[in-house]
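Hi,

Here is the structure I promised to pass on. Have a look at it first, and then read my notes underneath.

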Amino acid sequence: MENIEVLLKIKEKYYPSEDIIKKAWIKDYENLYKESLQDREGFWAKVAEELHWFKKWDKVLEWNFPYARWFVGGKTNITYNCLDRHVQNGKRNKLAYIYLDEEGREVKVTYGELLELVCRIANGMKSLGLKKGDRVSIYMPNSVEAIAVMLACARIGVIHSVVFAGFSEGALRTRVKDARAKAVFTASYTQRRGKKIDLISVLEKAIENLDFVEKVILWDRDKEGISSSKGFVDFEELVKEADSFCKAEEVNSEDPLFILYTSGTTGKPKGVLHTTGGYMVQTYYTSKVIFDLHEDDVFWCSADIGWITGHSYIVYGILANGVTSLVVEGAPDYPDPGRWWSYIEKFRVNVFYTAPTAIRMFMKYGEKWPSKYDLSSLRILGSVGEPINPEAWHWYHKNIGRGRCVIVDTWWQTETGAHMVTTIPSYPAKPGKAGKPFFTVEVDIVDKEGKSLPPNTVGLLVIKSPWPSMLRTCWGEPERYEKYWNSIPGKVYNTDDLASYDEEGYIMILGRADDVINVAGHRIGTMEVESALVDHPAVAEAAVIGKPHELKGEIIKAFVILKEGYQPSEDLIRQLKDHVRKELGPIAVPEEIVFVEKLPKTRSGKIMRRILKAKELGLSIGDISTLED
């Protein structure tokens, strides 16, 4: 099909500079990848040896399809590797985090201070009767305090379940109830666009009549004395009264670390369970070599800790590498669209990791905003959350990277725990293509029967063998976990993402398998049509859905956000249709185009097309707990 082929056969390549290649941890991807497939266990054992273990593992991998155990018999503690190890190696006074809020307030925390805070919270938790194996829900803003609570749980073997602080009481209740959390940590509010968004009333409704929730620990941000009036435990009092030393619990490699809920297209959210050893090793190593982290780097991932990207690449993987990173609360373009770029200039950020949805939002504001700032400290730019269309890739490369930076486009999932397909910094990138499989990761593109497809054909992306940071089960629902491995013949993990690879093995992700529109027998990926629309100078962002049609099966309907300076009109609709026709051919032209102010998105920046579709067809919109707004 011509339209897909145009995208798949992107020939342009961007080569990294000599400076970047010289500095990179990995200089020869191809040979190392081949070696990693020949000795998967040896590869990960070597990486694991860079970290601290109280007791070394007896066996790297035990694989009883579809269940895996990694570093079997090993004992470790992820917080020991994230904190104690660095403090003992002379980094006590090195900055771990720089926290920034919408009002420009800054809080700087060193590795030594963070270790002490984590120990105090962990001892406070013990004083409340919390112990290894208990579950604790965390409903807090993106902040050092929330990160410290996550780490305190991990320090004593308590399983944390972070719930994004923008979720409603229904979503929060579902997650607290499913995990049977013994305690909930929360804050009085979170910030968004200059407003204080109350979290307490949401939490109170969410835990009504949930008798297993024994304690609520409240971080009273403005010291208004709310804790005592509500009968909650005061977070700051708890910390102040606790001892500043807490021995890290020696946990088994396969002991649970956290549950993170992810919603599918049907049913209640799945509680994805990650364990300690394998997750620690793969997040540490992917952070190190994909972001090419070195001793003095300043790293910034713009995600929220309520999402897997925050867990892996704000907290665990980054701290394990001992670098300094930014934690930012609030909206990217508030108080103005220069907010993010001012932070990069001020703190000399070297590695910046964000979502295509944010890039496209900044495209809407134009080049004038980033051009005001000195972004020369940047070396690596990352993309995460959904496929980045070539137009956004080029804008990011030119306006943020100033043509010098490499872009690492990372594909992975809540379930995979860490990066799985990506471009590494020393390797040439192709705009719009995620890159190649990470070391030891074996992928294939197959049809529904599990048969491998030739290059430049769209099929399902599957993973053929276990990897260290993989989910171990779905909390309380093993059958939902097993479905990942048995929905396609061939004993493979079905990612449920559509993808294709070219003759050189570069993989392009085309969106979820249910994001395919069938127009008169032609399968059209939503991303292709959206990319064509965004390629028009008037369009900032677009989402398309398939709408039932008695003759064609489905027609394409597009929802379009315009850039500043453009007005909706019938003439513009005609122009957009002509543009798509020119780019992709007549079969991909949307029959209906509507202009909108906003699109429904998850917190990770994925457009929730199923919500647009459900509303269009007058159907129930189902679980919307991961909706950003």
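**What turned up**

Please keep in mind that this is a predicted model.

Let me begin with the cysteines. How many disulfides does a search of the whole structure find? The count is 0. A disulfide needs two cysteine sulfur atoms within 2.5 Å, and two of the cysteines show how that plays out. For cysteine 153, the closest cysteine sulfur belongs to cysteine 246, and at 12 Å it is too far for a bond. Cysteine 301 has its closest cysteine sulfur in cysteine 82, at 15 Å, which is again too far for a bond. Cysteine 153 is buried, at 0% relative accessibility, and cysteine 301 is buried too, with a relative accessible area of 3%.

Next, tyrosine 343, which sits in helix α14 (residues 339-347). Is this residue buried or exposed? Its relative accessible area is 9%, so tyrosine 343 counts as buried. Beyond its neighbours within four places in sequence, tyrosine 343 is in contact with Leu100, Asp101, Trp300, Leu326, Val328, Arg348 and Val349. Leucine 375 lies 32 residues from tyrosine 343 in sequence, and their C-alpha atoms are 9.5 Å apart.

Finally, helix α18 (residues 478-486), where the buried residues are Arg480, Tyr481, Tyr484 and Trp485. They share the same side of α18, because they cover an arc of only 150° around the axis. Among the elements covering these buried residues are the strands β1 (59-64), β2 (67-72), β15 (270-275), β24 (459-463), β25 (473-474) and β26 (493-501).

Best wishes

Notes: Residues are numbered from 1 along each chain as its sequence is written. This is a predicted model: local features need pLDDT of at least 70, side-chain atom pairs count only at pLDDT 80 or more; totals for chains, interfaces and linings use all residues. Side-chain values use heavy atoms; hydrogens and water are left out. Buried means under 20% relative accessible area, exposed over 50%, partly exposed in between (1.4 Å probe, protein chains only). Helices (H or I, at least four residues) and strands (E, at least two) are DSSP runs, numbered from the N terminus. Contact means heavy atoms within 4.5 Å. The arc is that of the directions from the helix axis to the C-beta atoms.
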